[in-house]
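Colleague: I would like to learn how to read a model like this one, feature by feature. Can we take it in short steps?

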Amino acid sequence: MQEQELALALPLLALLAALGCLWFARRRRAALCRQVRQSQQALLLADADGRLLAISPHAPASAREGGPLSNCGFSAHDLTLLLDPAHPGHRDGLLAAHAELLAFPLPCAMPGLLLLRVQMQHAGHAPGDELASWRLALQEARLGLLEFDLDARTVQGSPQALHALLGLPADAERLAFSHWLELLHPEDRSLFSALLKHPEQRQESASGMEFRVRHPHGHWEWLEQRTQFRKDEQGRISHIHALCQIVTARKSAEAAMLRREQEFRTLVENSEDVIARYDLELRCQFINRSVGRYSALTREEHLGRGVHDKDWPDSARANFAEECAKLLTSGEARRFELELSLTARRVIFEVRLFPEFDLSGGLRSILAVEREITHSRQSERLLAEENAVMEMIAGNAPLQDALNQVCRMMESQLNRGACSIMLLNAAGDTLRLAAGQSLPPGYRQLLEQVPVGPEAGSCGTAVHRKSLVIVEDIALSPLWAGYREQIAPFGLQACWSTPIFSSDRRLLGAFAIYHPEPHLPEPEELQLAQRSTHLIAIALQRDAHEKKLYQLATLDELTGLCNRRQFIALAGREIERNRRYQLSLAVLMMDLDHFKSINDRHGHAKGDEVIVHFAQSCRNVLRSTDICGRLGGEEFAAVLPDTKMEDALLAAERLRRAVAEARLPGGEAGPLQYTVSIGVAVLRADESDIDEVLIRADRQLYQAKHSGRNCISGEELLLLR
């Protein structure tokens, strides 16, 4: 009985199940139709017979629900392609088309239904031409649709797709997973294997996969895969549909671009220039490692900092910001120079600012390239300043001005350095300051007389050793032990000195560089100091040469007194001054008595000694304001400004007595004694020429000679013996 009841119930249960499935299928189809009708795309939903079940508002006007697809103008061949999922054209994503529409088959959640996206064609093309061009475009794009059956563990595709993507034979349609994985690059194999084993864990990462496949010709092809997952009735992923495209050319281009970018970054990172990028707010976005040579900040500390936060002087930051503002206004590249004083040295940059634009042409950032040009700029400046010094020397500028210019030239090349030039005296035992305006005034006074010795500071020691002396820290150097207290108030802590030699290696003095902090010179600074000593030597030798020429032209070589030309010139100027201020002026004419006999008896060398002795006697007896000259042989003259006859006679008498009392060594002939006769005349009010006074003084000299020599004769006055 129970078996009969069970037999009657089974058909009923089967009927109920069928009705349930039918009801569920209708609900799913109704839901799908509702989604199509609400879609913003041009969609068509048709059954397996080609009858339209639902259309979206954006579908073509010819489409009607309940009507056939042929109403939209599709041919029987097009319908075959669209309705037959097994057709190769459908599997490759081949599009059915007619004169007005292009149809794109889309994955559909319900078996037996066809979901299409349609698109209007551009007018002016015949249906066959459009379809051919579209298929040609797909072929050139090398697209293919593959299906991965996770239950059968096979990869299925049209022969055209497998041939286009993998280079397989034209009749190949199916591959086992093992064969497929063997074709993949070893680095990509594990990722794809994980996708096939656990597709539910890889849904997000698999949407845009890229991998390499070995082509039968031996090379690797890059594939880009767009993936969709299809589930069975139990909700398990059973199939993976992948739209694949060969992107080898793009990947090669990307690799080449990456390689060029890496090469560019390598060049930027290893560039000697400082290369930085700033946003429009002038904040640093990137800077290469060369900045470490010029900044105490680390490379990371620069990032995000604004231009006004740079560890530069205020003037340099303002200059840089101003040039950036000009670029932001004009959109054109800028070029300028920037000078910075770092801790140890001065640096000059040539800065170039370049605008960087986005794809829309808007300015997005500023690229700055800072190239150090310190050496070239300082060389140009040094050459210009050296030329200025040489022009001063050639133009007979005062020696003091030329030496000061050398100091300024050297200080412009240094960072916080001060220079001095010390000259050696004739005896070679002391130095005096000749130039050094940047030194503190109090310290310059201490340099008026510096001894030469083994521990006499930097300059005195350099002259003593005749070699370079470098003192890094004055407070610790034994060379400065005797001078530390004197130099301490002036803030000078380092000094190196270079001796100055003439072209014939005569020692002339020393050139010194001072620093306010303990400091060792750079090799470039020592080279500059050496160049400076050459300039100083040229200036000193030129000055000495000029003085020598002046002496030859104006002084008597034997006595050092004025020669006749210089005496007449100076006397003429003195007469003019005395006449202007109505002062008295006296003239002495002097002649050594019996000088020929001195030469005959003692020789000309002794005669020269007598001449020199008399010249020195004139210097000792007469005033420094008096003008004394040797007119020739043993004849001398002197001009005594602001002197009346009485005073002139007294001065003449002192000179006569000093000569008469002098005893010179005479050799075998015994001590040598000589006398002088002197004629005195006073400038008269009506006289304006020195020759007139000299003539009258010469008459008085003749009178003194005639009166017995070793005496003085003055106009209208008694003879003095």
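Colleague: Which residue is the bridge partner of C419 in β22?

Modeller: It is I513. Keep in mind that this is a predicted model. The pair belongs to a longer ladder: β17 (residues 418-424) and β22 pair in the antiparallel sense over 6 bridges. In that ladder I421 stands opposite F511.

Colleague: What is the order of the strands in the open sheet?

Modeller: The order is β19-β18-β17-β22-β21-β20, 6 strands with antiparallel pairing. β19 (450-451) and β20 (469-471) stand at the edges. Each has a single partner strand, so one side of each is left without a neighbour in the sheet.

Colleague: Which helix packs on the sheet and touches β17, β18 and β22?

Modeller: That is α12. Its direction makes about 145° with that of β17. A second helix, α16 (residues 523-554), lies across β17, β20, β21 and β22. α16 runs at about 40° to β21.

Colleague: How many residues of β22 are buried?

Modeller: Start with the general idea. In a regular strand the side chains alternate between the two faces of the sheet. Now the case here. β22 spans residues 507-515, and 9 of its 9 residues are buried. β22 has β17 as one pairing partner, and β21 as another. Both α12 and α16 touch or cross it.

Colleague: Is Q413 buried or exposed?

Modeller: Buried means under 20% relative accessible area. Q413 has 6%, so it counts as buried. Q413 lies in α12, which covers residues 399-413. Leaving aside neighbours within four places in sequence, Q413 is in contact with R346, Q378, R381, L382, E385 and L528.

Colleague: Back to the sheet. How many bridges link β21 and β22?

Modeller: There are 8, in the antiparallel sense, and β21 covers residues 494-501. One opposed pair is I500 with G509 in β22. The two strands form a hairpin with 5 residues between them.

Colleague: Which residue in the turn between β21 and β22 has a positive phi?

Modeller: The background first. Most residues other than glycine have a negative phi, and most peptide bonds are trans. In this hairpin the residue is R505. Its phi is near 65°, and R505 is not a glycine. R505 lies in the loop between β21 and β22. R505 is exposed, with a relative accessible area of 57%.

Colleague: Where else does a hairpin turn hold a positive phi, between β12 and which strand?

Modeller: Between β12 and β13. There are 5 residues between these strands, and L282 in the turn has a positive phi of about 65°. β12 (residues 274-278) and β13 (residues 284-287) pair in the antiparallel sense over 3 bridges. R277 stands opposite F286 in β13.

Colleague: What is the phi of H594?

Modeller: It is positive, about 50°, although H594 is not a glycine. H594 lies in the loop between β23 (585-592) and α18.

Colleague: That brings us to helix packing. At what angle do α18 and α19 pack?

Modeller: Two packed helices are described by the angle between their axes and the distance between the axes. For α18 (residues 595-602) and α19 (residues 604-621) the angle is about 135° and the axes are 7 Å apart. That makes α18 oblique to α19.

Colleague: Which residues of α18 meet α19?

Modeller: F595, I598, N599 and H602 do, and they meet H604, K606, G607, V610 and I611. The contact divides into 4 nonpolar, 4 polar and 1 charged.

Colleague: Now a single side chain. Is L162 buried or exposed?

Modeller: L162 counts as buried, at 0% relative accessibility. L162 is found in α5 (residues 159-166). Not counting residues up to four places away in sequence, L162 touches L146, G157, G167, L168, A172, E173 and R174. The C-alpha atoms of L162 and A172 are separated by 7.0 Å, with the two residues 10 apart along the chain.

Colleague: Finally, the whole chain. How many helices and strands does it have?

Modeller: The chain has 21 helices and 27 strands. Of its 721 residues, 45% are buried. The accessible surface comes to about 38700 Å², and 52% of that belongs to carbon and sulfur atoms. Among contacts with a separation of 6 or more, 51% join residues 24 or more positions apart.

Methods:
Residues are numbered from 1 along each chain as its sequence is written. This is a predicted model: local features need pLDDT of at least 70, side-chain atom pairs count only at pLDDT 80 or more; totals for chains, interfaces and linings use all residues. Side-chain values use heavy atoms; hydrogens and water are left out. Buried means under 20% relative accessible area, exposed over 50%, partly exposed in between (1.4 Å probe, protein chains only). Helices (H or I, at least four residues) and strands (E, at least two) are DSSP runs, numbered from the N terminus. Two strands pair if DSSP finds at least two bridges between them. Contact means heavy atoms within 4.5 Å. Accessible areas come from the Shrake-Rupley method with a 1.4 Å probe; for residues, only the protein chains shown count as cover. Axes are lines fitted to C-alpha atoms, for helices over the stretch in contact, and angles run from 0 to 180 degrees between N-to-C directions. Angles under 35 degrees count as roughly parallel, over 145 as roughly antiparallel, 65 to 115 as roughly perpendicular and the rest as oblique. Ala, Val, Leu, Ile, Met, Phe, Trp, Tyr, Cys and Pro count as nonpolar, Asp, Glu, Lys and Arg as charged, and the others, Gly among them, as polar.
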